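Visitor: I would like to go through a structure and ask what the terms applied to it rest on. Please set each value against its definition.

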Amino acid sequence: MLRKLLQQAPTARRFLSAHSTPPLLNKFSVFSYSYSSSSQSEFPHSNSIEHLEDQSTNTISIDRSGLYNPPEHSHEPSSDSELVKHLKGIIKFRGGPISVAEYMEEVLTNPKAGFYINRDVFGTEGDFITSPEVSQMFGEMVGVWAMCLWEQMGQPKRVNLVELGPGRGTLMADLLRGASKFKNFTESLHIHMVECSPALQKLQHQNLKCVDEDNTSENVEKRITSTLAGAPVSWHAALEQVPSGLPTIIIAHEFYDALPIHQFQRASRGWCEKMVDVTEDSSFRFVLSPQPTPATLYLMKRCKWAVPEEIEKLNQIEVCPKSIDLTQTLAKRIGTDGGGALIIDYGLNGVVSDSLQAIRKHKFVDILDNPGTADLSAYVDFACIRHSAEEASDDVSVHGPITQSQFLGSLGINFRVEALLQNCTDEQAESLRTGYWRLVGEGEAPFWEGPDDQVPIGMGTRYMAMAIVNKKQGVPVPFQ
C-alpha cells in the first residue's frame, strides 16, 4: 500500500534551492542572514482630510486620520510599540504582574500587533523554518498517513480534514498534490483550516489554489474550493468551530509549541508562578507570584500524572493549560465521530522544565526584548498530551511519540526521494538530498561542503510524532 501510494504520487512540482534555503531548520536553530523590511508609522502621514461636494455645493469634510491602518512589520526596535504600551497598560490596570502565558498570548496573537497576525513569518524571509518549507516530501508523507488512516476508517464518503495552524498552507498543498490521483480519498474531503491570522489565511487561499464560487443566494455561505483536489475549504478561528458529526482527521504540525505556557519555579515557600512585571525604569522583568495562582490547578494535575522522582529533581516546571484543553477537545471529537489526530512537534516525552525561547530573524533573543517582533515557543510535553487524551475519552487510543525520522522512514520517504531523484536536474537532486537530510537526519549533515555557519542540522530526532485515534480503527500506521 505505502509503495503504491509513493510511486503513484505526482512528480515534484516545487523544489527548494539548496542555495536559497536557510542554513538551519527550525525554532532550535541559531543562524544569521540578511533580512530587510520597511517600517511604516501606524497612522497615515498625510492630513487625510477628504472634501466631498454635494449637489447644493456645500462642502463636507471627513477626517480619516484616526482610522487604524495596520503597520508593516519591522524588526527594528522602537521607543515603545503599540504592543508594548498595551502590555504595560494591562499590568498597570491589574495593579500587578501578568502570567507568562498571558504575555505569550498577547505577543503572538494580539489582534492588532501579534507576531502571527499581520504578516508571513515563515521561510527565509521570515523568522524561522518549518518542515513543510524544507521539502515537499514532508507534506506528501503526512498525506500518506492520512490516506492510510482513511482506509482504516473504512473509506468513509465524507471526512473533515483539519489542519491546526497551517502556516502558509504548504503542508496541506503538498498533501493534496500527492493525493490527487486517489480520487476516492480526495472526493471525500472537506478541508478545514484553523487559522487566526488574516494575512496567513490569504496565503493559504493562494497556495491551495482556491477559487471562490459565485453564489446568488444571500443566506447561503460562499463556497470555496481548492483546485488542487477539488475539495471545499473553510477557515475557522478555533477547532470548536469546525462542524462535528463527520469522521475527522486532524493534523497539528508545530502548533502545540506556540500555545501559551505557565512557568513555575521552586522557592522556599513552594512552587511559585513566574510572572511578567514592569520595573521602575519601564522595562519588563520576571517576578514570582506571592500567592498561588489559578494556573496552580494545572500544575497540580501535571504533577499528579508524573512520578514523584521526576518532579523532585526539577526546580522549574512548565504547564500548558491550552494544550490540555485542546487535546481533550479533539479526543472527545475523535471518540464520538471517529478519525484521528497527528501531532508533530519538538518536545519531550515527560515534564518540561525551562524551554521557553524567542527567535527573531533565525537567532535566539531575550524573551522580553521588544515583544511582538520575535516568535515565542516552548517544548511540547507529549506525556501530558497522552494523559489529557486518555482522561477525556475511553474511546481513543494514543500511540507514540516516535521520532520524526522513524515516522517519515516508516511511511516510505526513502522510496519517495529515490523516485524524485530519477526525474530531476543536478541542482534539484542536491536540494532533494539536503531536504531529505534535514527532515530525517540527526545533528550536522556529514556531506556538507559549504560555509561552516550554514551546515544543515537534521530534525529527525528533535521532532516527535504522536497519534490519537478512535479505538475502533486499530493501531495507525506507522505506530504498529
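Guide: What follows is a set of questions on the terms used for this structure, with answers.

Guide: This is a predicted model, in which local features need pLDDT of at least 70 and side-chain atom pairs count only at pLDDT 80 or more, while totals for chains, interfaces and linings use all residues. Residues are numbered from 1 along each chain as its sequence is written, and side-chain values use heavy atoms, with hydrogens and water left out.

Visitor: What makes a space a pocket, and what is the volume of the largest pocket?

Guide: On a 1 Å grid over the protein atoms alone, a pocket is an open set of points with protein on both sides within 12 Å along at least five of seven lines, whereas a cavity is a set of points where a 1.4 Å probe fits but cannot get out. Grid points are joined across faces, edges and corners, and a volume is the space filled by probe spheres set on the points. By that reckoning the volume of the largest pocket is about 820 Å³.

Visitor: Which residues that line the largest pocket are the closest to its centre?

Guide: A lining residue has an atom within 4 Å of a point. There are 37 of them in the largest pocket, and G165, V194, C196, F255 and L259 are the closest to its centre.

Visitor: Which elements give two or more residues to the lining of the largest pocket?

Guide: Helices (H or I, at least four residues) and strands (E, at least two) are DSSP runs, numbered from the N terminus. Helix 3 (100-109), helix 4 (131-134), strand 4 (159-164), helix 6 (170-179) and helix 11 (321-337) each give two or more residues to the lining of the largest pocket. Helix 3 gives the most, with 4 residues.

Visitor: How do the residues of the lining divide into nonpolar, polar and charged?

Guide: Ala, Val, Leu, Ile, Met, Phe, Trp, Tyr, Cys and Pro count as nonpolar, Asp, Glu, Lys and Arg as charged, and the others, Gly among them, as polar. For the lining of the largest pocket this gives 20 nonpolar, 7 polar and 10 charged residues.

Visitor: Why is helix 11 said to be largely enclosed by the rest of the structure?

Guide: Buried means under 20% relative accessible area, exposed means over 50%, and partly exposed is in between (1.4 Å probe, protein chains only). In helix 11, 12 of the 17 residues are buried, so the helix is largely enclosed by the rest of the structure. Among these buried residues are P321, I324, Q328 and D337.

Visitor: How do you know that the span of helix 11 agrees with its number of residues?

Guide: The expected span of a helix is 1.5 Å times one less than its number of residues. The 17 residues of helix 11 should therefore span 24 Å, and its end C-alpha atoms are 24 Å apart, which agrees. Just after helix 11, G338 has a positive phi of about 90°.

Visitor: What makes the pair D381 and R302 a salt bridge?

Guide: A salt bridge is a side-chain nitrogen of Lys or Arg within 4 Å of a carboxyl oxygen of Asp or Glu. The side chains of D381 and R302 meet at 2.6 Å, N to O, so the pair fits the definition. D381 lies in strand 18 (residues 380-381) and R302 in helix 9, so the pair ties together parts that are 79 residues apart in sequence. D381 has a relative accessible area of 10% and is therefore buried; R302, at 3%, is also buried.

Visitor: How many salt bridges are found in the whole structure?

Guide: A search finds 11 salt bridges. One of them joins E391 and K301, with the closest N and O atoms 3.3 Å apart. E391 lies in helix 12 (residues 382-392) and K301 in helix 9 (residues 296-305), so this pair ties together parts that are 90 residues apart in sequence. E391, at 39% relative accessibility, counts as partly exposed, and K301, at 23%, is partly exposed as well.

Visitor: Why does N370 count as buried, and why does K209 count as partly exposed?

Guide: N370 has 13% relative accessibility, under the 20% cut-off, so N370 counts as buried. K209 has 43%, in between the two cut-offs, so K209 counts as partly exposed. Phi is near 45° in N370 and near 55° in K209.
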